[in-house]
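Colleague: I should like to learn how to read a model of this kind, feature by feature. Where should one begin?

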Amino acid sequence: FFLQLHLRDFIQTMPVIAEGVEFDTIGREVRCKWSNEDDKASLAACQKVLEEHLPKIKAINGVKGVQRLVCGSCNDFKVLTTVNADDFGAFMEANAATETAFVDGLKKIGNVREVETQTITVMPV
């Protein structure tokens, strides 16, 4: 009984986008398109830029995880940092300089295009 009551109280406090669409985690995504040219040199360079900034990203208070996603057919390189919804505002403040440096680093790579950021909600289903 206690577990059911506690779970119900937790679910009622989660942010809701629309009926049935609750979330407890917010993700910040940095993404770009890389090229197959020069044996995928731009993809390798994207990875190096990520590795340069990853320790700073992971060290920010509230970070739940960092995932790198790569699609070999559409040439996507994405990095998704997840944070508890309640901590997201503080995360964005703490991450501002690191995100700018990461994005700028990706933009400097030859054959990389469409460098963008996006904020999304994340919820296991």
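Modeller: One begins with confidence, as this is a predicted model. The chain averages a pLDDT of 90, and 90% of the residues score at least 70.

Colleague: Which elements have the lowest and the highest mean pLDDT?

Modeller: Where pLDDT is low, the predicted coordinates should not be read in detail. Here the lowest mean among the elements, 47, belongs to helix 1 (residues 2-13), whereas helix 2 (residues 37-58) has the highest, at 98. Over residues 1-12 the pLDDT stays under 50, and for this stretch the model has one contact beyond four places in sequence.

Colleague: How many helices and strands does the chain have, and what pattern do they follow along the sequence?

Modeller: There are three helices and six strands in the chain. Their order along the sequence is α-β-β-β-α-β-β-α-β. The contacts add a second view: among those between residues at least 6 apart in sequence, 69% join residues at least 24 apart.

Colleague: How much of the chain is buried?

Modeller: Of the 125 residues in the chain, 35% are buried. The largest nonpolar core has 15 residues, and C32, C46, F77, F102 and L106 have the most contacts inside it. Two or more residues of this core come from each of strand 3 (25-33), helix 2, strand 5 (76-84) and helix 3 (88-107). Helix 2 gives the most, with four residues.

Colleague: Which residues does F102 touch, leaving aside those up to four places away in sequence?

Modeller: F102 touches V30, V49, L50, H53, F77 and V79. Apart from the largest nonpolar core lies another core, of eight residues, including F23, I60, A85 and F88.

Colleague: How do helix 2 and helix 3 lie relative to each other?

Modeller: For a helix pair one reads the approach of the axes and then the crossing angle. The axes of helix 2 and helix 3 come within 9 Å and cross at roughly 175°. Angles over 145 degrees count as roughly antiparallel, so helix 2 is roughly antiparallel to helix 3. On the side of helix 2 the contact is made by C46, V49, L50, H53, K56 and I57; on the side of helix 3, by N95, T98, A101, F102, G105 and L106. F102 thus appears both in this helix contact and among the core residues with the most contacts.

Colleague: Turning to charged side chains, how many salt bridges are counted?

Modeller: Side chains of opposite charge can pair when their charged atoms come close. The count for this model comes to six salt bridges. One of them joins E99 and R28, with the closest N and O atoms 2.8 Å apart. E99 lies in helix 3 and R28 in strand 3, so the pair ties together parts that are 71 residues apart in sequence. Both E99 and R28 are buried.

Colleague: Which residues are linked with R31 in a network of salt bridges?

Modeller: The network links E29, R31 and E116. R31 forms a salt bridge with E29, the closest N and O atoms being 2.5 Å apart. The side chain of R31 also meets that of E116 in a salt bridge, at 3.0 Å from N to O. This second pair links distant parts of the chain, E116 being in strand 6 (residues 113-122) and R31 in strand 3, 85 residues apart.

Colleague: Are the members of this network buried or partly exposed?

Modeller: R31 is buried, with a relative accessible area of 18%. E29 also counts as buried, at 9% relative accessibility. E116 counts as partly exposed, at 36%.

Colleague: Finally, which residues other than glycine have a positive phi?

Modeller: Two cases may be inspected, D39 and N75. Phi of D39 is near 55°, and the residue is placed in helix 2. D39 is exposed, with a relative accessible area of 74%. Phi of N75 is near 60°; N75 lies in the loop between strand 4 (63-71) and strand 5. At 10% relative accessibility, N75 counts as buried.

Technical notes:
Residues are numbered from 1 along each chain as its sequence is written. This is a predicted model: local features need pLDDT of at least 70, side-chain atom pairs count only at pLDDT 80 or more; totals for chains, interfaces and linings use all residues. Side-chain values use heavy atoms; hydrogens and water are left out. pLDDT is the predictor's confidence in each residue, from 0 to 100. Contact means heavy atoms within 4.5 Å. A nonpolar core is a set of buried Ala, Val, Leu, Ile, Met, Phe, Trp, Tyr and Cys residues joined through side-chain atoms within 4.5 Å. Buried means under 20% relative accessible area, exposed over 50%, partly exposed in between (1.4 Å probe, protein chains only). A salt bridge is a side-chain nitrogen of Lys or Arg within 4 Å of a carboxyl oxygen of Asp or Glu. Axes are lines fitted to C-alpha atoms, for helices over the stretch in contact, and angles run from 0 to 180 degrees between N-to-C directions. Angles under 35 degrees count as roughly parallel, over 145 as roughly antiparallel, 65 to 115 as roughly perpendicular and the rest as oblique.
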